[in-house]
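User: I am new to this structure and would love a close look at one part of it. Could you walk me through the place where the two chains meet, and what lies around it?

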Number of protein chains: 2
Amino acid sequence: MPGSAIDHLIQLLGRLPGLGPRSARRVALDLLRHREQRLVPLMRALEDASENVRECGICGNLDLCDPCGICADPKRDQSILCVVEDVADLWALERARIFCGHYHVLGGVLSALDGVGPEDLRIAKLVERAADPQLQEIVLAMNATVDGQTTAHYISDRLKGSALTLSRLAHGVPVGGELDYLDDGTLGTALKARRPL
Amino acid sequence: MPGSAIDHLIQLLGRLPGLGPRSARRVALDLLRHREQRLVPLMRALEDASENVRECGICGNLDLCDPCGICADPKRDQSILCVVEDVADLWALERARIFCGHYHVLGGVLSALDGVGPEDLRIAKLVERAADPQLQEIVLAMNATVDGQTTAHYISDRLKGSALTLSRLAHGVPVGGELDYLDDGTLGTALKARRPL
């Protein structure tokens, strides 16, 4: 049986998302086998991240500075704000290089089941940012799940009465997707929202 | 885009076995979100493992002491030695609690393709241990792969002439396995090695 320090490492690795006991053992062994090339650099990177990464006080993004690089960038479009559930969604949009406005990370979605209410998300801060006179449009880019859409609905209610344009991402057939493999909901939405050629 | 410290962390995580770029991002975000509960304990566990885990000079197992807990345990059967490819295999046998002899970890298998020769494995040390007068049997518990079986064959050649009993694990239908899902090789071996009821 592995020594307690190894057991402890495996246990901690096994709690990470996507890793089970077997993959945690594989990762631990790999780290211990390549101590100089893998374990020590990872240890230093964790230390570095732990000390230097902070949450942006404006948008909720993770970065080395606060305000984050995106909020501080003067070349970004001040008139459009994209609201996302999570930092991972922000990163996905940034990787796609398709949006040059600002972001607002909610930090989750409303969920009665999980006991997540509006005060647990960064919604008050969003309402505050929405009062910025430079802002013209807010894109509610929540996931197309029930909780995501409920949250979008709640936010649009809270922002009612402001002169802002509210929008959401289009639903439809994913690019490269095959009709045969799509669920009925997506197919129905794509047909209803058909566009003239 | 995430800051460079985050990027670096994601890159290092993505090099671990079983993690790709997407799962590395998920793990990094999870670590950064639960800094006190996940990131810091993992950092400390890595530090602890890096400082304290060592390879046993006798069997090649990883443990906090050298010789390892298994080699040092006087209650273990001195007459039987189980040769495995990897520390993970040793751990698997220990988890099953079915073997109470000693182990010898080769650290890999012979592979002409990957350029692994006998001198890259702990075979010389095994031959040395085989001379122990207390030892009566060596179980060659290599994986049932071509390279594993080649290695077992090579070792049995090297140990030829000694009075030791050499054995290997039985091949057959895995417990709980369904015949319909088994490959022809396993099915054939299981039939040939059938046992009287």
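**Where chain B meets chain A**

Analyst: Happy to! Please keep in mind that this is a predicted model. Putting chain B and chain A together buries about 4,700 Å², and carbon and sulfur atoms give 72% of that area. Each side takes part with many residues: 49 from chain B and 49 from chain A.

Let's turn to the charged and polar links. There are 2 salt bridges between chain B and chain A. In one of them, the side chain of Arg33(B) meets that of Asp86(A), with 2.6 Å from N to O. The two chains also share 6 residue pairs in polar contact, counting pairs with both residues at pLDDT 80 or more.

Which elements of chain B supply at least two residues each to the side that touches chain A? They are the helices α1 (4-14), α2 (21-33), α3 (35-52) and α5 (87-96), together with the strand β2 (62-63). Of these, α3(B) gives the most, with 13 residues. Sorted by class, this side of chain B holds 30 nonpolar, 14 charged and 5 polar residues.

One of those helices leads us on to a sheet. In chain B, 4 strands form an open, parallel sheet in the order β4-β3-β5-β6. Its edges are β4 (102-105) and β6 (165-168) of chain B, each pairing on one side only. On average, neighbouring strands are turned by 25° against each other, direction ignored. Within the sheet, β3 (80-84) and β5 (137-140) of chain B pair over 4 bridges, and Val83(B) has Leu140(B) as its bridge partner. Helix α5(B) packs on this sheet, touching β3 and β4 of chain B, and its direction makes about 155° with that of β4(B). So α5(B) touches the sheet and also supplies residues to the side facing chain A.

Definitions and conventions: Residues are numbered from 1 along each chain as its sequence is written. Chains are lettered from A and ligands numbered from 1 in the order in which they are written. This is a predicted model: local features need pLDDT of at least 70, side-chain atom pairs count only at pLDDT 80 or more; totals for chains, interfaces and linings use all residues. Side-chain values use heavy atoms; hydrogens and water are left out. Contact means heavy atoms within 4.5 Å. Buried area is the accessible area (1.4 Å probe) that two parts lose on being put together, summed over both. A salt bridge is a side-chain nitrogen of Lys or Arg within 4 Å of a carboxyl oxygen of Asp or Glu. A polar contact is a pair of N or O atoms within 3.5 Å; within protein, one must be able to donate a hydrogen and the other to accept it, and residues adjacent in sequence count only if both atoms are side-chain atoms. Ala, Val, Leu, Ile, Met, Phe, Trp, Tyr, Cys and Pro count as nonpolar, Asp, Glu, Lys and Arg as charged, and the others, Gly among them, as polar. Two strands pair if DSSP finds at least two bridges between them. Axes are lines fitted to C-alpha atoms, for helices over the stretch in contact, and angles run from 0 to 180 degrees between N-to-C directions.
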